[in-house]
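User: I would like to go through this model and ask what lies behind the words used for it. Please set each value against its definition.

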Amino acid sequence: MKEQLAKIKAEALNALESTQAVADLDALRVKYLGKKGELTSLLKQMGALSPEERPRMGALVNEVKANLEAALEGQAKKLEQAAMEARLKLEAVDVTIPGKAPKLGHKHPMYLALDEIKDIFIGMGFTVLDGPEIELAELNFDRLNAEEGHPSRDWSDTFYFSADEKVMLRSQTSPMQVRAMDTMELPIRIIAPGRVYRKDEVDATHSPMFHQVEGMVIDKNVTMADLKGTLNTLAEQLFGKGTVTRFRPHHFPFTEPSCEMDVQCHKCGGAGCPTCKGEGWIEILGAGMIHPRVLEMAGIDPGEWSGWAFGMGLERTAMGRFKISDLRLIFENDVRFLEQF
Ligand code: PHE
């Protein structure tokens, strides 16, 4: 019986040592120490022993049992430790591997042009204003001297929010003139860039949403010469020294006299090409002396104060600044195009 016990012990320890997983240990526990296990059945045979041998044998069996239990425990710890080490190795992060450099975006060419425009006007003492794209028709039209029935108020041109035609997507940045006059102290020098909306079909020169930069000066003894001087300075700083401009008479309800300013075509230098539709000139803004009625409606005395204003198309200006030939490129956001600036 002693030999049997020694054999069981040797076998069990051997089997234990070669286990690879904690689950295998449970099977061994059942096999040797379980109710029907080998040690248990050995204990059952003790009845055949002499009364003197029985306690000695019992002590031996218990010792082997204790040995096996300790060995099981030890092996379990070893296996758990190994599993943990394997997992740590697998999940290790090598912090010395160089990272993937994120692709940095950059400013859209139109906003690059706007930044230049802002810098130029800030340098001349102007303040930059921001205003709502959802605007009252009262400010977009009435306060700018465009009364009921004026063609620009038509449903076919303007996005209204309701049939009473009181609230709309602004069709121009000019209501910012009114907002400035209503809220600021005189004298006023402001520019106000932003989005405007008109019911236009998309083509090489049109879009239902585009950007304008409004500008306005109100002071004492302000004249058309100030307007031309300032806008010529803008053109030269934006498009380069010696840029040729031309002022043509025009009509706006809120300025009198009114004009449009053209710059000589950047593509052909004035000879005529597809970009300028063969004309040699590109119109970039409307302007004029603020109509006395507009000043009066804002509670400003036109006998004491005078002013001028302009509204510039930002897309067109950026196209001239960066020699871009089609308006749609500005809105398509194709990175192959945008990366060039
Ligand atoms: N708001 C006019 C337009 O959209 C431009 C303009 C602004 C003209 C200021 C005169 C003065 O065409």
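Analyst: Helices and strands here are DSSP runs, numbered from the N terminus; a helix needs at least four residues and a strand at least two. The model is predicted. In the protein chain there are twelve helices and nine strands. Thr 158 sits in the loop between helix 6 (137-140) and strand 3 (167-169).

User: Why is Thr 158 called buried or exposed?

Analyst: Buried means under 20% relative accessible area. Thr 158 has 0% relative accessibility, so Thr 158 counts as buried. For the protein chain, 40% of the 341 residues count as buried.

User: What makes the link between Thr 158 and Ser 152 a polar contact?

Analyst: A polar contact is a pair of N or O atoms within 3.5 Å. The side chain of Thr 158 reaches the backbone oxygen of Ser 152 at 3.0 Å, so the distance falls within the limit of 3.5 Å.

User: Which residues does Thr 158 contact, leaving aside its neighbours within four places in sequence?

Analyst: Contact means heavy atoms within 4.5 Å. With those neighbours left out, Thr 158 is in contact with Phe 141, Ser 152, Arg 153, Met 168 and Lys 199.

User: How do you know which residues surround the ligand?

Analyst: A residue counts if one of its heavy atoms lies within 4 Å of the ligand. There are 14 residues around the ligand, and the closest are Gln 172, Ser 174, Arg 198, Gln 212 and Gly 311. By class, five are nonpolar, seven polar and two charged.

User: What distances separate the side chains of Gln 172, Ser 174 and Gln 212 from the ligand?

Analyst: A polar side-chain atom of Gln 172 is 2.8 Å from a nitrogen atom of the ligand. For Ser 174, an N or O atom of the side chain lies 2.9 Å from a ligand nitrogen. For Gln 212, a side-chain N or O atom lies 2.9 Å from an oxygen atom of the ligand. The ligand taken alone exposes 330 Å², and the protein buries 91% of that. Strand 5 (209-219), strand 8 (281-290) and strand 9 (306-313) each give two or more residues to the shell. The largest share, three residues, comes from strand 9.

User: How do you know whether the protein chain matches a compact globule?

Analyst: The globule rule is 2.2 Å times the number of residues to the power 0.38. A compact globule of 341 residues would have a radius of gyration near 20 Å, but the protein chain has 44 Å. The chain therefore does not match the rule. Its C-alpha atoms fill a box of roughly 135 × 45 × 40 Å along the principal axes.

Conventions. Residues are numbered from 1 along each chain as its sequence is written. This is a predicted model: local features need pLDDT of at least 70, side-chain atom pairs count only at pLDDT 80 or more; totals for chains, interfaces and linings use all residues. Side-chain values use heavy atoms; hydrogens and water are left out. A polar contact is a pair of N or O atoms within 3.5 Å; within protein, one must be able to donate a hydrogen and the other to accept it, and residues adjacent in sequence count only if both atoms are side-chain atoms. Accessible areas come from the Shrake-Rupley method with a 1.4 Å probe; for residues, only the protein chains shown count as cover. Ala, Val, Leu, Ile, Met, Phe, Trp, Tyr, Cys and Pro count as nonpolar, Asp, Glu, Lys and Arg as charged, and the others, Gly among them, as polar. Buried means under 20% relative accessible area, exposed over 50%, partly exposed in between (1.4 Å probe, protein chains only).
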